[in-house]
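Please open the structure in a viewer and keep the sequence at hand. The tour below proceeds by selection, one stop at a time.

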Amino acid sequence: MTSTTLPTTDDLRARARTALDHIGVAVPEGGDFQARTPITGENLFALTAASETDTEEAIAASHTAFLTWRTTPAPRRGELVRRLGELLREHKSDLADLVTIEAGKIRSEALGEIQEMIDICDFAVGLSRQLYGRTIASERPGHRLAETWHPLGVVGVISAFNFPAAVWSWNTAVALVCGDAVIWKPSELTPLISLACDRLLARAADEVGSPGEVHRLLLGDRTVGEKLVDDPRVALVSATGSTRMGREVGPRVAARFGRSLLELGGNNATIVAPSADLDLAIQGIVFAAAGTAGQRCTTLRRLIVHRDIADAVVERLTAAYQKLPIGDPFDETTLVGPLITTTALDAMNDALARVQAQGGKVLAGGNRRLTEAVPSAAYTEPVLVRVDEQTDVVREETFAPILYVLTYDTLDEAIALHNDVPQGLSSSIFTRDQQEAEIFLSAAGSDCGIANVNIGTSGAEIGGAFGGEKDTGGGRESGSDAWKSYMRSATNTINYFTELALAQEVSFL
Ligand code: NAD
């Protein structure tokens, strides 16, 4: 199914302008940095990117702001984040509009992205009263050992197009309560939602009396990001994007002994065991594989199905794929919006051609849609491909809705296939066999940062730490104790005796 009527670029421009007006952003037009929409593939506004001088000024101002912010009590810092959360609630619909216009997400997913931002603000406000250090038993009489957590410095947040607002909030809400200043370099593909988030945070800072300089936005392409990567005043670079980007950023930050938090590509898999509840599994698989048009880092890309049920699973998936409504993401009945660019569609077609040359069989989908109506946009049917083995194409992340279906005979074989890719972000198993589920979650099971049972690979909650291993970069963001990446710890030894006792019973003098 395809919704054949799409909004025009003029409609979308007007809708974006209305949302920005409500939020208080005056669109700074006149430069050569384009805001565009994947819904029609056309440009919306000509903005101005940050210059080298702007970047230098932002880093210096953020560093100065940090020196004050770090001594503001954490619960007071939490007040800024609480107000931000309230403003996000107030403007949820406008913000979701901008996400749909710039990233092409369907309405319910765009609203979900803003809800995730509200949730992380709530989490961070609570955290502002829970930045706990431990007290450690000392080996010496009359001594106390303690661990103290201090703010780290300026955090450079570099983010990707597919979660254009939520990733910023995971980092920013937590970094701000931790006492850091934040400089945000969003994806060059999503400047409007970034302007909106920045404006709301500035309003929150004004209203609660926090220094506005604790947050700076720098629009621009990777060259702006590179300045943050190389500047020693940026204590932590939190970079979300492709593994290619992480390979460039990680070593450069390490070369100056800075810290990096890398959230990179995934190649996520689900195992479907013979005992699986197939109704549950099919629903979970289709959402994880075709949702967000396959453009989530946690998108399901490989399905590893037990041979005995493979035909039944494939038949049901094929039927579901044939019914997916594709088209205008603002239309409430649409489930699959556009890919971000025609370049992304080219990469998808290239992967499909390669996998077919390697023996893969397309079972459903793969046709381009709406080409005549919007030739600059990239609408496509999600694709299901049966493969006999995990070839090099299957082991890569193609950021598009391709689901490769593999079969297995034993759980050991399934887990080996599952882990035999360079990435290690998200994973799941559908099974009603508790032993199988536990093996999958054990040290010898999934090697990913996220491992689920009877649920798909995507759609994580903010309460858990989010991130993955291997080529996914090793970072953890959002909930649990991910906040520790945004602070530095100090070990304190306090002697309240009158004698100096040396550790390890050393005598001296
Ligand atoms: P991308 O790598 O093209 O760009 C991401 C960001 O990095 C952009 O802001 C870009 O300007 C910047 N950048 C690129 N090269 C840089 C460099 N050398 N130095 C500094 N900055 C640089 O990614 P994308 O196409 O926007 O997003 C899709 C990718 O992001 C996918 O691989 C997806 O899996 C990944 N992703 C991962 C997560 C996660 O949490 N693991 C979340 C979302 C997206």
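Begin with the ligand of this predicted model. Select domain 1, residues 9-264 together with 473-489, in one colour, and domain 2, residues 268-462, in another. Both domains give residues to the shell around the ligand, so the ligand lies between them.

Next, display the residues around the ligand. Which of these 30 residues come nearest? They are A160, G225, G241, E263 and C297. Now select the helices α8 (222-230) and α9 (243-255), the elements that give two or more residues to this shell. Of the shell, the largest share comes from α8, with four residues. Colouring the shell by residue class shows 12 nonpolar, 10 polar and eight charged residues.

Then turn from the ligand to the two domains themselves. The domain assignment describes domain 1 as two segments, 9-264 and 473-489, and domain 2 as residues 268-462. Mark the C-alpha centre of each domain: the two centres lie 30 Å apart.

The next stop is the contact between the domains. Here 21 residues of domain 1 are in contact with 22 residues of domain 2. Which elements should be selected on the side of domain 1 that touches domain 2? Those that give two or more residues to this side are α4 (92-103) and α5 (107-127). Highlight α5 in particular, as six residues, the largest share of this side, come from α5. Finally, colour the side of domain 1 that touches domain 2 by residue class: eight residues are nonpolar, seven polar and six charged.

Terms used
Residues numbered from 1 in each chain as written. Predicted model: local features only at pLDDT ≥ 70, side-chain atom pairs only at ≥ 80, totals over all residues. Domains from an automatic or database assignment. Contact = placed C-beta atoms within 7 Å. Nonpolar A, V, L, I, M, F, W, Y, C, P; charged D, E, K, R; others polar. Near = placed C-beta within 6 Å.
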